[in-house]
Amino acid sequence: MNEHAETSWITGLMDTLGAPGAGLAIAAENLFPPLPSELILPLAGFAAGQGRMTLFSALLWTTLGSVLGALALYGVGALLGRDRMLAIAAKVPLVKVSDVEKTERWFQRHGNKAVFFGRMVPIFRSLISVPAGIERMSIPAFLVLTTLGSLIWNAIFVLAGFALGENWEEVTGYVDAYSKVVLVAAVLAVLAFLVVRLSKSGGGQRRRG
């Protein structure tokens with residue numbers, strides 16, 4: 001789905017359902033990250049500026065949609081569970097169970113911050129709910145942190161769309177740049193991990209030789 005088609009679909013949803021339509025679109029965005037919140041939220045703000053919904057209802061419903069989508073992914077993580085996660089990790093090349101266990105301990109120490117700030121990072125804002133479910137993070141804590149993080153993220157873009165009016169699309173340009181920086185950082189982190197893992201494997205083989 002290209003950006004024009006996405007915009008038409010989101011606009012149609014909001015024209016039909018109003019603010020709940022914006023919430024439904026955001027819930028879908030959590031489950032299908034290619035559907036960008038950076039497009040949905042400014043559009044909701046623009047719609048509020050036109051009087052098609054109130055600003056309060058736009059913020060309320062988009063945040064509710066974010067929380068419901070996050071809860072669905074939390075459920076996926078909870079169903080997957082720790083044992084299955086470790087079993088999958090054991091079969092993945094270059095991934096050690098000990099690495100996963102270290103990540104698990106990291107999440108146990110920093111899970112609250114990861115869930116809160118993760119809601120404001122493109123791509124990871126959806127994915128962070130899965131390890132929270134795997135670790136069976138306290139649901140009340142998960143809901144509070146997800147709601148607060150989502151409210152901040154949503155408010156920035158809804159208010160930007162409301163303020164910019166017909167020029168709401170300007171928001172997406174800034175977010176695209178931000179998303180690219182985050183994506184590049186993530187790719188570099190994965191590459192660094194692979195380089196370290198391969199170098200350790202190679203070093204081990206040389207020592208054994």
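**Figure 1. Trp61, a partly exposed residue of helix H4****.** In this predicted model, Trp61 has a relative accessibility of 33%, so it counts as partly exposed. The residue lies in helix H4, which spans residues 55-91. Look around Trp61 and you will meet a nonpolar surface patch, formed together with Phe56, Leu60, Leu64, Leu68, Leu71 and Ile139. Together these residues offer about 640 Å² of accessible area. Helix H4 provides the largest share of the patch, six residues.

**Figure 2. The aromatic pair of Tyr74 and Phe142****.** Searching the whole structure turns up three aromatic pairs, and this view shows one of them. The ring centres of Tyr74 and Phe142 are 4.9 Å apart and the planes meet at 45°; an angle from 30 to 60 degrees is neither stacked nor edge-to-face, so the pair is tilted. Distant parts of the chain are linked here: Tyr74 sits in helix H4 and Phe142 in helix H8 (residues 139-164), with their positions 68 residues apart in the numbering. Both Tyr74 and Phe142 are buried.

**Figure 3. The aromatic pair of Phe116 and Phe117****.** In this close-up, the two rings form an edge-to-face pair, at 4.9 Å centre to centre and 80° between the planes. How do the two residues fare in accessibility? Phe116 has a relative accessibility of 19%, so it counts as buried; the cut-off for that is under 20%. Phe117, at 48%, counts as partly exposed, because exposed would require over 50%.

**Figure 4. The largest nonpolar core****.** Step inside and you find a core of 34 residues, in which Met14, Met53, Val115, Ala132, Met137 and Phe142 touch the most other members. At least two residues each are supplied by helix H1 (3-17), helix H2 (19-31), helix H3 (37-49), H4, helix H5 (97-118) and H8. The top contributor is H3, with eight residues. For a look at one member, take Met14: leaving aside residues up to four places away in sequence, Met14 touches Gly21, Ala22, Leu43, Ala44 and Met53.

**Figure 5. The helices that frame these views****.** Stepping back to the protein as a whole, its secondary structure consists of nine helices and zero strands. Of its 209 residues, 44% count as buried. Among contacts with a separation of 6 or more, 73% come from residues 24 or more positions apart. The accessible surface comes to about 11400 Å², and carbon and sulfur atoms account for 69% of this area.

Conventions. Residues are numbered from 1 along each chain as its sequence is written. This is a predicted model: local features need pLDDT of at least 70, side-chain atom pairs count only at pLDDT 80 or more; totals for chains, interfaces and linings use all residues. Side-chain values use heavy atoms; hydrogens and water are left out. Patches are made of residues with over 30% relative accessible area and no salt bridge: like charges are joined within 9 Å, nonpolar side chains (Val, Leu, Ile, Met, Phe, Trp, Tyr) within 5 Å. Accessible areas come from the Shrake-Rupley method with a 1.4 Å probe; for residues, only the protein chains shown count as cover. A salt bridge is a side-chain nitrogen of Lys or Arg within 4 Å of a carboxyl oxygen of Asp or Glu. Helices (H or I, at least four residues) and strands (E, at least two) are DSSP runs, numbered from the N terminus. Buried means under 20% relative accessible area, exposed over 50%, partly exposed in between (1.4 Å probe, protein chains only). Rings of Phe, Tyr and Trp (its six-membered ring) pair if their centres lie within 6.5 Å; planes under 30 degrees apart count as stacked, over 60 as edge-to-face and the rest as tilted. A nonpolar core is a set of buried Ala, Val, Leu, Ile, Met, Phe, Trp, Tyr and Cys residues joined through side-chain atoms within 4.5 Å. Contact means heavy atoms within 4.5 Å.
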